Amino acid sequence: MKSFLPSALKTPQLHALLLGSIGPRPIAFASTIDASGKPNLSPYSFFNVFSANPPIMIFSPARRVRNNTTKHTLENALATKEVVINVVNYAIVQQMSLSSTEYAAGVNEFEKAGLTMLKSDLVKPFRVKESPVQYECKVNEVVALGKEGGAGNLIIAEVVKLHVNEAILTDDLKINQYEIDLVARMGGNWYTRANLGMFEVPKPLTSLGIGVDSIPQAIRNSKILSGNDLGQLGNIEKLPNTEEIQQFIETEKLEEKIDLKSEAAKHEQAKKYINNGQIEAAWITLLA
């Protein structure tokens, strides 16, 4: 067994050891607004519930290690004292992951991730309509744990109203744990699906993905492609060009596999490529 003093490790090394060994961690999909009312949406796995009476949740947007800057979520929580914490199930995990891309201040991650803004009742930040449980919260306190990169900031949030999808609610007001289908974070790219086990979600590009909002509407409105499929399609940096599309069609003999005049056929084939992790091939098929 190897032993370490935290001070002897670089922050990224310590960060990887902590997150790789402490898990699965629930995910706070935090919706906030800035002082001018612009929405922000971002996930945090330094999160849990700590009290039922009063109902208190705490999550921690840490300072960025690479340049010691703070997250928009923290800045918004300090400015407005309100947040909505949405839970993450498997149906929206890819869109949740896409929203964690470091978009510029003022960019609407709801739109980038292809998620629906739902007006809250008691607070100003929007809820995520697709989330099975949404907690409207007032921020009671923010506790800064340090001033260096990697330091956490505990946002202590009190639930003032909660919304639960009836499909996951039992007659005696309990959550059906199979139906809610929660996911949680582990180390690196790894997640776990509560009712099935581990799976991997590649991190969003270090450069900006195009976002679900940049996907042509006919593809966004597909009856075949799911929200998770769109989340993966939105994480591509740029679309394939005409030459790349033609070369793929010829190399893969795509016209022999499917009818390129049929949108449904193209969407079905693209879904197969997405399931195999071939996102560029899926895009080329959709655009062929």
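Let's start with Ser-120, which counts as buried because its relative accessibility is 4%, under the 20% cut-off. Keep in mind throughout that this is a predicted model. Ser-120 is found in the loop between β6 (117–118) and β7 (127–128). What does its side chain reach? The side chain of Ser-120 comes to 2.6 Å from the backbone oxygen of Pro-125.

Now compare a residue in a strand. Lys-138 belongs to β8, residues 133–144. Is Lys-138 buried, exposed or partly exposed? Its relative accessible area is 33%, so Lys-138 is partly exposed. If you like sequence-distant neighbours, look at Lys-138 and Ile-56: they are 82 residues apart in sequence, while their C-alpha atoms are 9.7 Å apart in space.

That strand brings us to the sheets. β8 takes its place in an open sheet of 7 strands, ordered β2-β1-β5-β8-β9-β4-β3, with antiparallel pairing. Which strands stand at the edges of this sheet? They are β2 and β3, and each of them pairs on one side only. On average, neighbouring strands here are turned by 30° against each other, with direction ignored.

Let's zoom in on the β3 end. β3 and β4 run antiparallel and are joined by 5 bridges. One pair to click on is Phe-47, whose bridge partner in β4 is Phe-59. Between these two strands there is also a loop, and Pro-54 lies in it. The peptide bond from Asn-53 to Pro-54 is cis, with omega near 5°.

There is another cis bond to look at, from Gly-23 to Pro-24, with omega near -5°. Pro-24 sits in the loop between α1 and β1 (28–33). As background, most peptide bonds are trans, and most residues other than glycine have a negative phi.

That second half of the background is a good cue for two further residues. Asn-68 has phi near 60°, which is positive in a residue other than glycine. You'll find Asn-68 in the loop between β4 and α2. With a relative accessible area of 25%, Asn-68 is partly exposed. Lys-253 also has a positive phi, near 50°, and is likewise not a glycine. Its place is the loop between α8 (242–251) and α9 (254–257).

Next, a smaller strand count. 3 strands make up an open sheet in the order β10-β11-β12, again with antiparallel pairing. Why is one side of β10 and of β12 left without a neighbour in the sheet? β10 (183–185) and β12 (197–200) stand at the edges and have a single partner strand each, so one side of each has no neighbour there. Neighbouring strands in this sheet are turned by 35° against each other on average, ignoring direction.

How are β11 and β12 connected? A hairpin joins them through 3 residues. Strand β11, residues 190–193, is also tied to β12 by 4 bridges, and the two run antiparallel. Two facing pairs are easy to find on screen: Tyr-191 stands opposite Phe-199 of β12, and Thr-192 stands opposite Met-198 of β12. A general reminder while you look: in a regular strand, side chains alternate between the two faces of the sheet.

Finally, the part I suspect some of you were waiting for: pockets. How much space lies in the largest pocket? It holds about 1,300 Å³. It is lined by 46 residues, and the closest to its centre are His-15, Lys-71, Ser-100, Glu-102 and Lys-203. Elements that each supply at least two lining residues include α1 (11–21), β2 (39–44), α2 (72–80) and α3 (93–99). By class, the lining of the largest pocket divides into 19 nonpolar, 18 polar and 9 charged residues.

The second largest pocket has about 520 Å³ of space. Its lining comprises 25 residues, with Gln-94, Pro-202, Gln-232, Asn-235 and Ile-279 nearest its centre. Two or more lining residues come from each of α3, β12, α7 (227–233) and α11 (279–287). So which classes do we find in the lining of the second largest pocket? There are 11 nonpolar, 8 polar and 6 charged residues. Notice that α3 contributes to the lining of the largest pocket and to that of the second largest pocket.

That's my tour, and I'm happy to take questions.

Terms used
Residues are numbered from 1 along each chain as its sequence is written. This is a predicted model: local features need pLDDT of at least 70, side-chain atom pairs count only at pLDDT 80 or more; totals for chains, interfaces and linings use all residues. Side-chain values use heavy atoms; hydrogens and water are left out. Two strands pair if DSSP finds at least two bridges between them. Axes are lines fitted to C-alpha atoms, for helices over the stretch in contact, and angles run from 0 to 180 degrees between N-to-C directions. On a 1 Å grid over the protein atoms alone, a cavity is a set of points where a 1.4 Å probe fits but cannot get out, and a pocket is an open set with protein on both sides within 12 Å along at least five of seven lines; lining residues have an atom within 4 Å of a point. Grid points are joined across faces, edges and corners, and a volume is the space filled by probe spheres set on the points. Ala, Val, Leu, Ile, Met, Phe, Trp, Tyr, Cys and Pro count as nonpolar, Asp, Glu, Lys and Arg as charged, and the others, Gly among them, as polar. Buried means under 20% relative accessible area, exposed over 50%, partly exposed in between (1.4 Å probe, protein chains only). A polar contact is a pair of N or O atoms within 3.5 Å; within protein, one must be able to donate a hydrogen and the other to accept it, and residues adjacent in sequence count only if both atoms are side-chain atoms.
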